[in-house]
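Reader: I'd love to walk through this one with you, one question at a time. Shall we start once it is on screen?

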Amino acid sequence: MSKYFKKTAIAFIAVLLFALNASAREDLGDWPKALYGQALLAEGSPLPNPAEYVAAITKLLTASVK
């Protein structure tokens, strides 16, 4: 098993655990997009929609400094 596959699997599991812990009405926002995009980049795969990934990261970073 390659180290990139392990990183992708860990990120995917993190997204699932985050979703399971969220309440049914809570919006996960841009976290799934950001984590999935990060997992793809970690394994060396291209992003299917780079602009969407950048927008998700930008929203999360902007919200963190408010």
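The questions below go from the overall fold to single helices and residues.

Reader: Thanks! To get my bearings, which pattern does the protein follow along the sequence?

Author: Happy to help, and please keep in mind that this is a predicted model. The protein has 3 helices and 0 strands. Read from start to end of the sequence, the pattern is α-α-α.

Reader: What share of the 66 residues is buried?

Author: Let's begin with the outside: the protein exposes about 5100 Å², and carbon and sulfur atoms supply 66% of that area. Buried here takes a relative accessible area under 20%. Among the 66 residues, the buried share is 20%.

Reader: Is Val 15 buried or exposed, given its relative accessibility?

Author: Val 15 sits in helix α1. Leaving out residues up to four places away in sequence, Val 15 touches Pro 32 and Leu 35. Its C-alpha is also 7.9 Å from that of Tyr 36, with the two positions 21 residues apart in sequence numbering. The cut-off for buried is under 20%, and Val 15 has a relative accessibility of 19%, so the residue counts as buried.

Reader: Now to α2: what distance should its 13 residues span at 1.5 Å a residue?

Author: The expected span is 1.5 Å times one less than the number of residues. The end C-alpha atoms of α2 are 18 Å apart, which agrees with the expected value for its 13 residues, 18 Å.

Reader: Which residue with a positive phi follows α2?

Author: Within α2 itself, Ala 34, Gly 37, Ala 39 and Leu 40 are buried. After the helix comes a residue whose phi is positive, near 90°, and that residue is Gly 44.

Reader: Asp 30 caught my eye. Which side chain of opposite charge is nearest to it, and how far away is it?

Author: Asp 30 lies in the loop between α1 (3–21) and α2 (31–43). Setting aside neighbours within four places in sequence, Asp 30 is in contact with Ala 56, Lys 59 and Leu 60. Asp 30 is buried yet has no salt bridge. The nearest side chain of opposite charge is that of Lys 33, at 4.0 Å.

Reader: Why are the buried residues of α3 on the same side of the helix?

Author: The buried residues of α3 are Tyr 53, Ala 56 and Leu 60. They lie on the same side of α3 because the arc they cover around the axis is only 65°.

Reader: And which residues are exposed on the other side of α3?

Author: The buried residues of α3 have cover that includes α2. On the other side of α3, the exposed residues are Ala 51, Lys 59 and Leu 61.

Reader: Last one: what is the relative accessible area of Ile 57?

Author: Ile 57 belongs to helix α3 (residues 50–64). Its C-alpha is 8.5 Å from that of Lys 33, although the two are 24 residues apart in sequence. Partly exposed covers the range between the buried limit of 20% and the exposed limit of 50%. Ile 57 is partly exposed, because its relative accessible area is 26%.

Definitions and conventions:
Residues numbered from 1 in each chain as written. Predicted model: local features only at pLDDT ≥ 70, side-chain atom pairs only at ≥ 80, totals over all residues. Heavy atoms only, no water. Helix = DSSP H or I, 4+ residues; strand = E, 2+ residues; numbered from the N terminus. Buried < 20%, exposed > 50% of the residue type's maximum accessible area, 1.4 Å probe, protein only. Areas by Shrake-Rupley, 256 points an atom, 1.4 Å probe, with all protein chains shown as cover. Lys, Arg positive; Asp, Glu negative; His and termini not counted. Contact = heavy atoms within 4.5 Å. Arc of directions from axis to C-beta.
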